[in-house]
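Colleague: Let us go through the ligand sites of this model one at a time. I will ask, and you answer from the structure.

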Amino acid sequence: MIRRGLLLILSSPSGAGKSTLSRMLMAWDPTMRFSISATTRKPRPGEEEGREYYFLGKDAFLTYVRDGEMLEHAEVFGNFYGSPKAPVVKALEAGQDMLFDVDWQGAQQIGNSALGRDVVSIFILPPSIDELDRRLRTRGQDSDEVIAGRMAKSRDEISHWAEYDYVLVNKDLDATFEQLKAILTAERLKRERQPQLSAFVRSLNEEFEAR
Ligand code: ADP
Ligand code: 5GP
């Protein structure tokens, strides 16, 4: 029996480091699949269609939603974001874990969906608000106006911290990454995520009997 995959959800206020941590996790474990979201926001420099996001017009996005093809969707910073359902179902059935970078609304919707029991959710906090602001600026991808909008939204995002299974304070990147790997490793070892165990214990009992 194939182990059913888990859905690892990372949320944080923008700039706290979840994209960086996601990239590190994907490089550490190539079996992990990243859920590429669809969005109506414009690509940032360096972003590629089908790698970071599927960039869609609003009409196309809303058609996917209407046709039930999004596992969840939400409006964030005036744009729509959503997680396409089909790749998730396929990955889980193949026993692959899937990583989601979604906001608190997405985390709630996935948690309340039929896949809720397969969810492991992690919230990432910045060590301080000054540092959050500094990281958004040094990332250098957004205008002052966009950064101000993201900072205003941060307070709202942070207010949902207690809805998550795990909370990490991303001060030192390497230390946070170690914690993230520890969570994934432990969650994969949960008894209910190891369907091969019954057969294995049966084989141990057969060994007892054969002695
Ligand atoms: P998010 O995806 O949460 O918006 P990013 O991963 O893009 O955030 O990180 C924002 C910026 O902060 C990036 O320039 C990234 O390199 C930097 N960063 C991430 N984690 C840390 C950390 N622990 N210490 C210092 N800088 C960090
Ligand atoms: P960004 O525009 O910086 O890439 O992402 C902005 C916010 O949208 C982040 O908080 C990110 O987690 C969230 N987001 C990205 N994709 C999705 C998605 O598919 N669904 C939801 N609900 N939020 C998403």
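**Ligand surroundings**

Modeller: By class, the shell around ligand 2 has 6 nonpolar, 4 polar and 7 charged residues. The model is a predicted one.

Colleague: Which side-chain polar atom lies 2.8 Å from a nitrogen atom of ligand 2?

Modeller: Ligand 2 has polar partners in both side chains and backbone. An oxygen atom of ligand 2 lies 3.2 Å from a polar backbone atom of Gly 82, and another pair joins an oxygen atom of the ligand to the side chain of Ser 37 at 2.7 Å. The pair at 2.8 Å, with a nitrogen atom of ligand 2, involves the side chain of Asp 103.

Colleague: How much of the area of ligand 2 does the protein bury?

Modeller: The contacts of ligand 2 include that of Asp 103. On its own the ligand exposes 510 Å². The share buried by the protein is 95%.

Colleague: Which helix gives the most to the shell around ligand 1?

Modeller: Two helices, helix 1 (18-28) and helix 5 (129-139), each supply at least two residues of that shell. The largest contribution, 3 residues, is that of helix 1.

Colleague: What percentage of the accessible area of ligand 1 does the protein cover?

Modeller: Nitrogen atoms of ligand 1 pair with the side chain of Asn 170 at 2.9 Å and with a polar backbone atom of Leu 173 at 3.3 Å. Alone, ligand 1 has 570 Å² of accessible area. The protein covers 79%.

Key:
Residues are numbered from 1 along each chain as its sequence is written. Chains are lettered from A and ligands numbered from 1 in the order in which they are written. This is a predicted model: local features need pLDDT of at least 70, side-chain atom pairs count only at pLDDT 80 or more; totals for chains, interfaces and linings use all residues. Side-chain values use heavy atoms; hydrogens and water are left out. A polar contact is a pair of N or O atoms within 3.5 Å; within protein, one must be able to donate a hydrogen and the other to accept it, and residues adjacent in sequence count only if both atoms are side-chain atoms. Accessible areas come from the Shrake-Rupley method with a 1.4 Å probe; for residues, only the protein chains shown count as cover. Ala, Val, Leu, Ile, Met, Phe, Trp, Tyr, Cys and Pro count as nonpolar, Asp, Glu, Lys and Arg as charged, and the others, Gly among them, as polar. Helices (H or I, at least four residues) and strands (E, at least two) are DSSP runs, numbered from the N terminus.
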